Amino acid sequence: MSDVQGTVEPGFESVREVFEAIAADEARDGGAQLVVHHRGRPVVDLWGGDGVDGDSLLALYSSAKGVTALVTALLVQDGALDLDRTVASWWPEYAAEGKGELTLRGLLAHRSGSIGVEGGFTFDEIIDDRVVAARLAAHRPYWEPDSGHGYHALTFGALVGEVVLRATGRTVQEHYEERLRAPYGLDYHLGLPEELEARFAPALPLVPTPEQQEALDAEPIVPGTRMSVAFGMESDPPLDLVAYGNARAAHVKAPLSAGGVGTARGLSRLYAAVAGPFEGRPPLLTDETLAEFSRVHSKGTDLVTGGENAFGLGLSPLSTVYPPLSPGAIGHSGAPGTQSFADPATGLAYSYARRRFAFMGGPGAPENVPLIEAVVAAARALD
């Protein structure tokens with residue numbers, strides 16, 4: 001990444017310095033965007049890299065999970081959904097194979113065990129949430145529902161989306177368009193219009209260093225494991241995440257686990273509306289709703305990845321990953337290393353989007369650490 005462009009407001013110059021240092025050190029990077037709002041004002045809008053500008057649309061993968069969770073939070077806030085009602089009360093087919101007692105709360109906290117199906121999904125299936133939901137409803141879970149948690153990499157959105165559709169008669173995509181994207185002018189799309197496809201900058205695969213390749217070779221994903229199931233490795237052929245994110249069919253269908261396309265500007269604006277009053281409107285979520293969705297519901301060893309992590313209700317409690325953030329900071333990462341969040345205590349909204357997959361970037365690429373440190377320090381100095 002080179003040729004950093006864009007603007008920062010007075011007081012945030014240090015953020016540009018960090019972004020430029022990252023750009024200079026990322027010889028194999030395909031470009032990135034960084035946008036930050038502070039108390040409703042845009043204070044950082046930077047970009048750089050081959051083929052990427054501030055308007056480039058990028059595949060933002062699991063950022064869609066965070067957007068799906070925010071739509072669900074609004075519906076809970078409205079009284080259209082009840083967190084402690086069973087999934088099967090809206091979706092009777094889901095009760096099969098011992099899943100009848102799972103609540104919406106457990107589903108949102110990655111506790112269902114419905115991480116995939118034997119033999120995996122075809123590409124045409126995995127981009128169609130309704131098909132994925134139907135297959136998951138009939139399938140046994142990979143652990144007893146609500147007995148533990150594991151990252152539902154490719155199925156979270158289909159599961160939550162089916163509940164939303166059964167309960168309200170409208171899809172998450174429809175709710176998002178009407179309540180969030182259009183009113184707030186968000187350049188993040190769950191269903192990319194054909195006329196915008198020309199702005200899309202295709203995702204690029206990881207180019208590992210020799211040391212990174214050695215680490216990958218030392219710990220391959222073992223066939224038949226939950227990790228292999230959850231990340232589409234049981235499919236024939238195994239899911240190619242880069243091709244998935246770049247496919248026009250996925251942009252149209254917008255599968256809710258990993259199908260959103262947009263800019264860092266779009267997601268920063270969305271999370272600015274969560275972080276506090278924004279452009280004359282009150283915060284999207286009440287204090288009560290925000291507290292419930294940001295509260296840690298699952299913590300400890302992930303039954304899919306084997307690592308230690310924590311989940312709120314579809315949103316990650318990001319102070320557990322980035323200590324400078326406040327306990328109520330919530331958001332979601334995306335496979336290439338993207339990260340987006342709202343921190344209501346400091347009034348910060350942040351979105352970092354990158355085009356090339358980072359090494360082990362799923363929870364957020366490593367450069368998010370110094371970037372977030374600089375952003376939080378600048379905001380606190382101004383407050």
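What follows is a short dialogue on reading the sheet, the salt bridges and one loop serine in this structure.

Colleague: Before we start, what kind of model is this?

Modeller: It's a predicted model, where local features need pLDDT of at least 70 and side-chain atom pairs count only at pLDDT 80 or more, while totals for chains, interfaces and linings use all residues. Residues are numbered from 1 along each chain as its sequence is written, and side-chain values use heavy atoms, with hydrogens and water left out.

Colleague: How do I read the sheet, and in what order do the strands come?

Modeller: Strands of a sheet pair through backbone hydrogen bonds, either parallel or antiparallel. Here, seven strands make an open sheet, ordered 1-3-2-12-11-10-9, with antiparallel pairing. Strand 1 (5-8) and strand 9 are the edge strands, each pairing on one side only. Strands are DSSP runs (E, at least two residues), helices are too (H or I, at least four), and the numbering goes from the N terminus. Two strands pair if DSSP finds at least two bridges between them.

Colleague: How many bridges join strand 10 to strand 11?

Modeller: Five, with strand 11 covering residues 338-343. Take glycine 331: its bridge partner in strand 11 is phenylalanine 341.

Colleague: And which helix lies across those two strands?

Modeller: Helix 2, which runs at about 150 degrees to strand 10. Axes are lines fitted to C-alpha atoms, for helices over the stretch in contact, and angles run from 0 to 180 degrees between N-to-C directions.

Colleague: Now salt bridges. How many are there in the whole structure?

Modeller: The search finds 22. A salt bridge is a side-chain nitrogen of Lys or Arg within 4 Å of a carboxyl oxygen of Asp or Glu. One of them joins aspartate 84 and arginine 105, at 2.8 Å from N to O. Aspartate 84 sits in the loop between helix 2 (63-78) and helix 3 (87-90), and arginine 105 in helix 4 (residues 104-108), so the pair ties together parts 21 residues apart in sequence.

Colleague: Where do glutamate 162 and arginine 166 lie?

Modeller: Both are in helix 7 (residues 156-168), four residues apart, about one turn of the helix. They form a salt bridge too, with the closest N and O atoms 2.8 Å apart. Glutamate 162 is buried at 3% relative accessible area, while arginine 166 is partly exposed at 31%. Buried means under 20% relative accessible area, exposed over 50%, and partly exposed in between (1.4 Å probe, protein chains only).

Colleague: Last one: is serine 326 buried or exposed?

Modeller: Buried, at 10%. Serine 326 is in the loop between strand 9 (316-317) and strand 10 (330-334). Leaving aside neighbours within four places in sequence, serine 326 is in contact (heavy atoms within 4.5 Å) with Ser319, Asp343, Ala345 and Thr346.
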